[in-house]
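Reader: I am new to this kind of description, and I would like to ask where its words come from. Could you answer by setting each value beside its definition?

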Amino acid sequence: MTDLNDAFALRSPEDCLRLYRDWSRDYDAGFAAGMDYRLPAHVAAAFMAAGGVGPVLDVGAGTGLLAEALRGMGFPGEIDGIDLTPEMLARAGEKGVYRALVEADVTRALPLEGGYRGVVSSGTFTHGHVGPEAFGPMLAVAAPGALFALSINAGVYAARGFDVALAGMEGITGLQLIEVEVYGPAAAARDAAHAADRALIALFRKV
Ligand SMILES: C[S@@+](CC[C@H](N)C(=O)[O-])C[C@H]1O[C@@H](n2cnc3c(N)ncnc32)[C@H](O)[C@@H]1O
């Protein structure tokens, strides 16, 4: 069974594609339900509370949990999703909550028209996954004034240089960091090593 130790040990895009291809079938019912995975809801709530509007880009959309959370909170705008892994996007597509889903690597120039007034992400900036090199491609497809709400695992925030990247980043304003728990109480029984993981939600606007 795929678990967080496998996911956090990814070393290449090929590793990522293989892991999430296998995990896609069981991700929602196994991992998300079993760990009481709350991060997508925290990001959605932070985006909504800060006045986020569409169209929104969900980066590393996976099986669509963040868009589902936004819809559950009454978000009416259009949501597009990108992800490296086609099998994860296929699960997201089954939920009928996205306008478009595109296979893309967020560390490279994105094959999108741009003009997004919101950019959200949960669970993608974490151990073995994506680093601050994604900020350039994300900012390039955001409209002036766009609101960003991005979760960054607390364990990689300084270790992967998100702190330095955000502090020195030109073209953003109003940076706030909101610390949240990634999982709920049920996680302790399933995976004690990760149950207490925390993340920072980086909220800021493109100038
Ligand atoms: C932990 S999952 C999070 C999925 C979803 N956002 C959630 O919170 O459940 C991480 C996702 O990031 C995607 N991913 C990893 N590297 C990526 C990259 N370079 N570009 C786009 N997506 C990537 C993976 O395919 C996977 O679906």
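Author: Let us begin with Asp 36, which is found in the loop between H3 and H4. Helices and strands here are DSSP runs numbered from the N terminus, a helix (H or I) having at least four residues and a strand (E) at least two. The model is predicted, so that local features need pLDDT of at least 70 and side-chain atom pairs count only at pLDDT 80 or more, while totals for chains, interfaces and linings use all residues. Residues are numbered from 1 along each chain as its sequence is written, and side-chain values use heavy atoms, with hydrogens and water left out.

Reader: Why is Asp 36 called partly exposed?

Author: Its relative accessible area is 23%, and the definition calls a residue buried under 20%, exposed over 50% and partly exposed in between, using a 1.4 Å probe and protein chains only. The value for Asp 36 falls in between, and therefore Asp 36 counts as partly exposed.

Reader: What is said about the phi of Asp 36?

Author: Asp 36 has a positive phi of about 50 degrees although it is not a glycine, and this residue comes just after H3. A comparable note belongs to Gly 96, which comes just after H6 and takes a positive phi of about 65 degrees.

Reader: Which residues of H3 are buried, and how do you know that they line one face of the helix?

Author: The buried residues of H3 are Tyr 27, Gly 30, Phe 31 and Ala 32. Seen down the axis of H3, they fall within an arc of 155 degrees, so they line one face; the arc is that of the directions from the helix axis to the C-beta atoms. Turned away from this buried side is a face that carries the exposed residues Ala 29 and Ala 33. The cover over the buried residues of H3 includes helix H1 (4-8), H2, helix H5 (65-72), H6 and helix H10 (187-190), where packing rests on contact, meaning heavy atoms within 4.5 Å.

Reader: What makes the buried residues of H2 line one face?

Author: Cys 16, Leu 19, Tyr 20 and Trp 23 are the buried residues of H2, and seen down its axis they fall within an arc of 90 degrees, so one face is lined by them. They pack against H1, H3 and H6.

Reader: Which residues of H6 are buried, and what do they pack against?

Author: In H6, which runs over residues 86-94, Met 88, Leu 89 and Ala 92 are buried. They fall within an arc of 95 degrees seen down the helix axis, so they too line one face of H6. They pack against helix H2 (13-23), helix H3 (27-34), strand S2 (79-83) and strand S3 (100-103).

Reader: How many residues surround the ligand, and which are the closest?

Author: There are 21 residues around the ligand, and the closest are Tyr 27, Tyr 37, Asp 83, Thr 85 and Ser 122; a residue counts as near a molecule or strand if one of its heavy atoms lies within 4 Å of it. Strand S4 gives the most to this shell, with 3 residues.

Reader: What makes Tyr 27 a polar contact of the ligand?

Author: An oxygen atom of the ligand is 2.8 Å from an N or O atom in the side chain of Tyr 27, whereas a polar contact is a pair of N or O atoms within 3.5 Å (within protein, one must be able to donate a hydrogen and the other to accept it, and residues adjacent in sequence count only if both atoms are side-chain atoms). The distance of 2.8 Å is within that limit, and therefore the pair counts. A nitrogen atom of the ligand is likewise 2.9 Å from an N or O atom in the side chain of Asp 105. Of the 590 Å² of accessible area that the ligand has on its own, the protein covers 95%, as found by the Shrake-Rupley method with a 1.4 Å probe, where for residues only the protein chains shown count as cover.

Reader: Why is the peptide bond from Gly 54 to Pro 55 called cis?

Author: It is called cis with its omega near 0 degrees, and Pro 55 lies in the loop between helix H4 (39-49) and strand S1 (56-59).
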